[in-house]
Amino acid sequence: MSETARHSLDDLLAIMARLRDPAQGCPWDVQQDFASIAPYTIEEAYEVADAIDRGDFDDLREELGDLLLQVVFHAQMAAEQGRFDFADVAHAISAKMIRRHPHVFGGACYADLDAQKQAWEELKAAERLAKGEAHDASALAGISRGLPEWKRATKLQQRAAAVGFDWPDYRPVLDKLAEEIDEVRAEFEAGADPARLEDEIGDVLFVVANLARHAGVDFSRALRHANAKFERRFRRMEQLAADAGGTLADHDLPAQERLWQRAKQD
């Protein structure tokens, strides 16, 4: 196969099959299973989000390829076990998208976006019943426990809000956040019992997720931006320390704080 040829999806499927070949494949790829590959799948999804955040479309192209490889990898392993193959995956998602968009592919008509969202949830509930899942009448039914916890918190809050259990705006959420922080402070002052601190800090994080939802801010993206900002400023602190002929560890905390303030101004 020419390295300059434009590869197709069929090429990728063939490459993955070759990598998994017990006789001629890659020993590392051959020994993998669904559980060992799952963490890479999650990691690649975050790499895609990071490339989007940075506006780096060359990197996005590469990261989307890495994510696609994860789908192909899982499909190849499933095909080897006679469970399903990539074509089955493509068929399933195509059928789902058509089924869940009757206003596009059928004759349905929704009054507004809220009505469409409600219909979407009703369709998902019907799908769960069709698959034989136990009926759960709760508004919180069907929220995956495999989601990142911040995402699951947001979905729980969205479902509760759909039936009217929600703050009217951001103001009482801020009040609740202050209340929860006071409770964390009280736990520290009472002796910092680990179990109690975990519970109270969890409450703080849940309220922060709710605040982000009310603000229309993606919790994960906001945290990624905060991480990037901290890393940028911390690396600048290290550079400033190096320019002075030392390392950051050579400075005491007050001196490090002065470097931090300088880094924030850059």
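A search of the whole structure, which is a predicted model, turns up 21 salt bridges. One of them pairs Asp166 with Arg213, with 2.6 Å between the closest N and O atoms. Asp166 sits in the loop between helix 8 (149-162) and helix 9 (170-189), while Arg213 belongs to helix 10 (residues 194-215), so this contact ties together parts that lie 47 residues apart in sequence. The two partners fall into separate burial classes. Asp166 comes out as partly exposed, at a relative accessible area of 33%. Arg213, by contrast, has 19% relative accessibility and counts as buried, because the cut-off for buried is under 20%.

Arg196 shows up in two of the listed pairs. With Glu187 it makes a salt bridge whose closest N and O atoms are 3.4 Å apart. Arg196 also bridges to Asp199, and here the closest N and O atoms are 3.6 Å apart. That second pair stays inside one helix: Arg196 and Asp199 are three residues apart in helix 10, so about one helical turn separates them. As for accessibility, Glu187 is buried, with a relative accessible area of 16%. Arg196 is partly exposed at 36% relative accessibility, and Asp199 is likewise partly exposed, at 39%. Elsewhere in the chain, a network of salt bridges links Asp50, Arg54, Asp56 and Asp59.

Turning to covalent cross-links, the count of disulfides is zero. Cysteines are present all the same, among them Cys26, which is partly exposed with a relative accessibility of 27%. Another one, Cys109, counts as exposed, its relative accessibility being 71%; the label follows because anything over 50% is classed as exposed.

Next come the pockets. The second largest pocket has a volume of about 290 Å³. It is lined by 15 residues, and those closest to its centre are Gln157, Phe165, Trp167, Phe206 and Asn210. Three helices feed into this lining with at least two residues each, namely helix 8, helix 9 and helix 10. Helix 10 gives the largest share of the lining, at five residues. Helix 10 has already come up above, as the home of Arg213 in the salt bridge to Asp166 and of the Arg196 and Asp199 pair.

Helix 9 and its surroundings offer a further contact to look at. Leu177 is placed in helix 9 and is buried, at 15% relative accessibility. Its C-alpha atom is 6.3 Å from that of Val204, although the two residues are 27 apart along the chain. A pair of this kind also turns up further along. Gln261 has its place in helix 12 (residues 253-265), and at 32% relative accessibility Gln261 counts as partly exposed. From the C-alpha atom of Gln261 to that of Met237 the separation is 9.0 Å, with their positions 24 residues apart along the chain.

On the outside of the model, there is a nonpolar surface patch of about 340 Å², put together from Leu9, Leu68, Val71, Phe84 and Val89. Leu9 is part of helix 1, which covers residues 9-19. At 37% relative accessibility, Leu9 counts as partly exposed; it can still join a patch, because the cut-off for patch residues is over 30% relative accessible area.

Note on methods:
Residues numbered from 1 in each chain as written. Predicted model: local features only at pLDDT ≥ 70, side-chain atom pairs only at ≥ 80, totals over all residues. Heavy atoms only, no water. Patch = residues over 30% accessible without salt bridge, like charges linked within 9 Å, V, L, I, M, F, W, Y side chains within 5 Å. Areas by Shrake-Rupley, 256 points an atom, 1.4 Å probe, with all protein chains shown as cover. Salt bridge = Lys/Arg side-chain N within 4 Å of Asp/Glu carboxyl O. Helix = DSSP H or I, 4+ residues; strand = E, 2+ residues; numbered from the N terminus. Buried < 20%, exposed > 50% of the residue type's maximum accessible area, 1.4 Å probe, protein only. Disulfide = S-S within 2.5 Å. 1 Å grid on protein atoms, 1.4 Å probe; cavity = no way out; pocket = protein on both sides within 12 Å on 5 of 7 lines; lining within 4 Å. Points joined across faces, edges and corners; volume = space filled by probe spheres on them.
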